[in-house]
Amino acid sequence: MQGKGVVRFFLILMTLVTLAQFLLVIPTRRVEKSADAYASAAASAVPEEQKNFVFKEKRTAYLDSLSSETVFKVPLLKSYTYQDLKRQQIALGLDLKGGMSVLLQVDLKEFVKALANNSSDPDFVKALDAAVEDQKSSQSDFITLFADNFRQIGNGKPLAPIFARNEALGLNFGSDDGEVVRTIRARADETVDLTFKRLKERIDKLGVVQPNVSLDASRDLIVVELPGIDNPERARRLMQAAAKLEFWNVYRVSDPGIMEAFSSANERLAQTLEGQDLTQQILRIDTLAPLYTSEGDTIVQLDTIYSPVTGGPLFDVFTPNSSGSLGLAPMGTAKKNQRIRVDSLLNRPDIKGLFPSDIAFYWAKDPIKNIETNKVGTDYELYAIRKERGSDVAPLTGESVIDASANPDQNQNIAVSLKMNPDGARKWGDMTTKAAQDNNREIAILLDGEVVSAPRVINPITSGDSQITGSFSLEEAKDLANILQVGKLPAETRILQESLVGPSLGQENIDKSIRSLVIGFLLVVLFMVVYYMGGGVVAILGLFTNLFFIFGSLASLGTVLTLPGIAGIVLTMGMAVDSNVIIFERIREELRAGKALLTAIADGFKNSYSAIIDANVTTILVASILTYFGIGPIKGFGVVLIVGVLCSVFTAVLVGRVIIEWWTRRGGNIAFWNKLSENPLANINIDWMGKRKIGYFISGALTVFGIASFMIRGFDMGVDFTGGFSYNVTFEKSQSVDAETLRRALDASFVDASTVVKAVDTENTFNIVTSYLVDDQEEDAADRAMAKLHEGVQAAVKSDIVFEQFKQTDGLGTHVTSSSKVASNIADDIKRSAFFAGIFGLLAIFLYLLIRFSKWQFSMGAVAALLHDVIMVLGLYSLLHGLVPFTLEVDQAFVAAVLTVIGYSVNDTVIVFDRIREFMGLYTKKSKSEVLNMAINSTLSRTLLTSFTTLITVLVLFLFGGASIKGFAFALIIGIIAGTYSSIFIASALVHDLSPELKAKEVEGEKKTSFSKAAAKVK
């Protein structure tokens, strides 16, 4: 084998990197065990009904306190915080851990209106409304839809006059429509990206471990997954709130009484919390001026300088800026994980009274950066803003900002330029005049309650145009400019899809998924060792290596592992064995031809590469399409499938060969069969092409039957395709309720809405889907729908159920274990994505096979076989839904299953096609039918065994996997069986009938020996 050294090098390198990835789990678990112990101790002191809430709250607080603390070090290499460790490990999705998932769409309608200075042009308004409506059924972005609608509605009216009045856009009244659209699209892209970044920053405040936030920029969609979230209502509000930009006057550390107030606060806290007095050493006493008492006595005014107190409840976690080394505006600093503690101390009523009544404290958005080294530290500055008398409203807000940009100033320093509207310019002039006259005082700029900048005012700014200077890099200045733009360019988000999964349901899915993985793995191990003997042992070593690399790769990529992802791993196990079966069967074929063991091994590997590459490339093509078109878990499934296929090819083809050659070169013997497995399917001689018309008849009948079922019975369309709210409600065992009774009660509650109730295979649990309020844009729509659900469930069981317990996914008694919402427009989007994914999947396979086999007949035969397999799956889904004890919903997971069937089904077809191509290039005078029969017979063992090994793992997934994965596994089972059948009776038969000129070519003698004698003996 050429390149063995390279393979060994990469094997060792990948092993070390993956092993290091896994070792990070050890310190992570150590921290989490400490968090569990801390939370358990805190929960033990509260009443039983509060224990769960307190445990989760304290555990989250403990882990958050370590977010910026080093918890693990690799000497001389790297230090890790807890968050660093978690980022380099596989995150569990909601269906495995519980939590909240939200699909948000950035609403660009108001954004475009703001760019046009809220133009009232009737055609402009109509075009915006039409774009919003078209967005429900189009793949195009909002700006394109708006431009297309304006062109139609305006009958050629130019866009420029509508947007030219906004000076910040740099347009004039003569700008053509193309330039206008490009300009507003560029601004829209910036705003979407900024909204995404701000959302990530907001979510960090929720204290969720391993949140997953991703942006689909082409559709202005943001996917947010919050595993273990305790307060979905708060998360929902946080994700939909518009950015809040404010400008405030500030206090300085040099202002009279400010530093003294911090010292007094520290002393009082020491007395009340610790029962001790803090004493200060006098450093210096300065005489300032004489004062006089009412009795006429002269008193000397003294300025007493004390040594700074470094201890005490406040100063243990907060370092005051007593010397002014940080500037005059910051009050002091604290570590990220200590900020909550500082806030709690300063907000105590007895402590607040020590400070001016108009003071309020806010933290800096980002930690302090060392100007010399340009490294970001872990300390955050605390600022004290000065409120207007009798008001909590900022003197100036972001609504007044017209434009903000980052550019070099006259000294070539990076500055942020601001432009205000007339009202803002007046207010800004008042603020800056007072600040400049007050010893050039700073003005704090806050976004969402965090100080993003506190520039010092040198001169009054009355024109509305100003610059913020500082030690900015160009990127930092652009970020600040974008932040300032948010106040003027609102880009709110709308929830299109939402899911809540309880932790108990997630744990159940974990247990079932792990069990299915283990059972499937053991069955495959048993079969491979029994059937292939020593070769089977090598395959199992490769399988272990494969799983090792898969999990390591997924961890390094930061993949979120979901239930479909685990299904992808199980499927990958079958496909890894698939590659080994192709190789081993070819080796066995060469051995039967009388070749020596080493020669047979070398030829077996060499002659298998083509089929393995073709089979796995087609699977990667389909997985890539899944990744592109899929959303959330389906995208994750596609990623897992791609990683799994790449790892399986590496371990089966390269690692497997290195192991076999290492063993045989050192004199070891290896067997690829035993007496029972030596000759099964070895000398098959069936006239498949003579029976192809029977296959056509059977497939035609099944296809007609399936299409009839589509039209008569239809499908059990999941909420992904219909839109609506979906709930899984688990009832107390003492409450007996049936689906029909529950449906009638809910119909009375969900007025004027369709409601579907289905029993699921979890004990005493029902799935409820309703269209009630699904397109309501109000923030409380989900809460109102939940209230109606609660009302209907109470009526069904005829007893009172506490609402707060009912809606908690980890609640007690009768409660909602999971819920989801899919808006009608995202349901349409999912339908289109599914359609395009299927079409592009088939097209990609058609083109790839056309390139590989240079004949359109091969591509057409393969695609026809795949369509046949898809119809078989769809037909059984239509025919059996409601008749089997598991759900057969057509949802996103089903789409993933169908595309996987397409990818896997083509494997069997490619194996046969590859042998047909080989035989067509060999010396033979056999007829077209004989050549195709020879190809099918000689590959039949591989076709059946590859399907059988994959079927084992998928069958285990079906029998022992979670309830939500059974329909997925069922589709794969049908697809594998149909794919094995269609590779012979559809794909190969169509190649036969579509290729009248197909004939083997007579070539020179050296190629006559390149195929096995076993194949040559087929008559």
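In the predicted model, an open sheet is built from eight strands in the order β5-β6-β4-β20-β26-β23-β25-β24, and its pairing is antiparallel. The edges of this sheet are formed by β5 (212–216) and β24 (755–759), each of which has a single partner strand, so that one side of each is left without a neighbour in the sheet. On average, and with direction ignored, neighbouring strands of the sheet are turned by 15° against each other. At the β24 edge, five bridges join this strand to β25 (residues 765–770), and the two run antiparallel; within this pairing, Val-757 has Ile-768 of β25 as its bridge partner.

Two helices lie across strands of this sheet. Helix α25 (residues 739–749) lies across β24 and β25 and runs at about 155° to β24, whereas helix α26 (residues 781–797) lies across β23 (724–730), β25 and β26 (815–822), running at about 45° to β23.

The strand β4 (99–106) is followed by a loop that leads to α6 (109–115), and Asp-107 lies in this loop. Asp-107 is buried, because its relative accessible area of 19% falls under the limit of 20%. A polar atom of the Asp-107 side chain lies 3.2 Å from the backbone nitrogen of Lys-109. Beyond α6, the loop that connects this helix to α7 (122–134) contains Asn-118, which counts as exposed at 54% relative accessibility.

Backbone geometry sets a few residues apart. Most residues other than glycine have a negative phi. Asn-118, although not a glycine, has a positive phi of about 55°, and a positive phi of about 55° is likewise found for Met-533, which is not a glycine either. Met-533 belongs to the loop between α17 (503–532) and α18 (534–556) and is partly exposed, with a relative accessible area of 33%. A further positive phi, near 70°, is taken by Leu-76 in the hairpin of β1 and β2, which has three residues between its strands. In this hairpin, β1 (residues 70–74) and β2 (residues 78–81) pair in the antiparallel sense over four bridges, with Val-74 standing opposite Lys-78 of β2.

The surroundings of Tyr-383, a residue of strand β13 (residues 379–386), were also examined. Tyr-383 is buried, with a relative accessible area of 8%. When residues up to four places away in sequence are not counted, the residues that Tyr-383 touches include Ala-329, Pro-330, Met-331, Phe-361, Tyr-362 and Val-451. Its side chain is joined to that of Glu-381 by a polar contact of 2.8 Å. The C-alpha atom of Tyr-383 is separated by 7.8 Å from that of Tyr-251, although the two residues are 132 residues apart along the chain.

Two packed helices are described by the angle between their axes and the distance between the axes. For helix α30 (residues 892–920) and helix α32 (residues 966–994), the packing angle is about 35° and the axes are 8 Å apart, while the crossing of α30 past α32 is right-handed. The residues of α30 in this contact include Ala-893, Thr-900, Tyr-904, Asp-908, Phe-913 and Ile-916, and those of α32 include Phe-968, Leu-972, Gly-975, Gly-979, Ser-983 and Val-991. By class, the contact of α30 with α32 has 14 nonpolar, nine polar and one charged residues.

Technical notes. Residues numbered from 1 in each chain as written. Predicted model: local features only at pLDDT ≥ 70, side-chain atom pairs only at ≥ 80, totals over all residues. Heavy atoms only, no water. Buried < 20%, exposed > 50% of the residue type's maximum accessible area, 1.4 Å probe, protein only. Contact = heavy atoms within 4.5 Å. Polar contact = N/O pair within 3.5 Å; in protein donor to acceptor, adjacent residues only side chain to side chain. Axes fitted to C-alpha atoms, helices over the stretch in contact; angles between N-to-C directions. Left-handed = near helix turned anticlockwise from the far one by under 90°. Nonpolar A, V, L, I, M, F, W, Y, C, P; charged D, E, K, R; others polar. Pairing = 2+ DSSP bridges.
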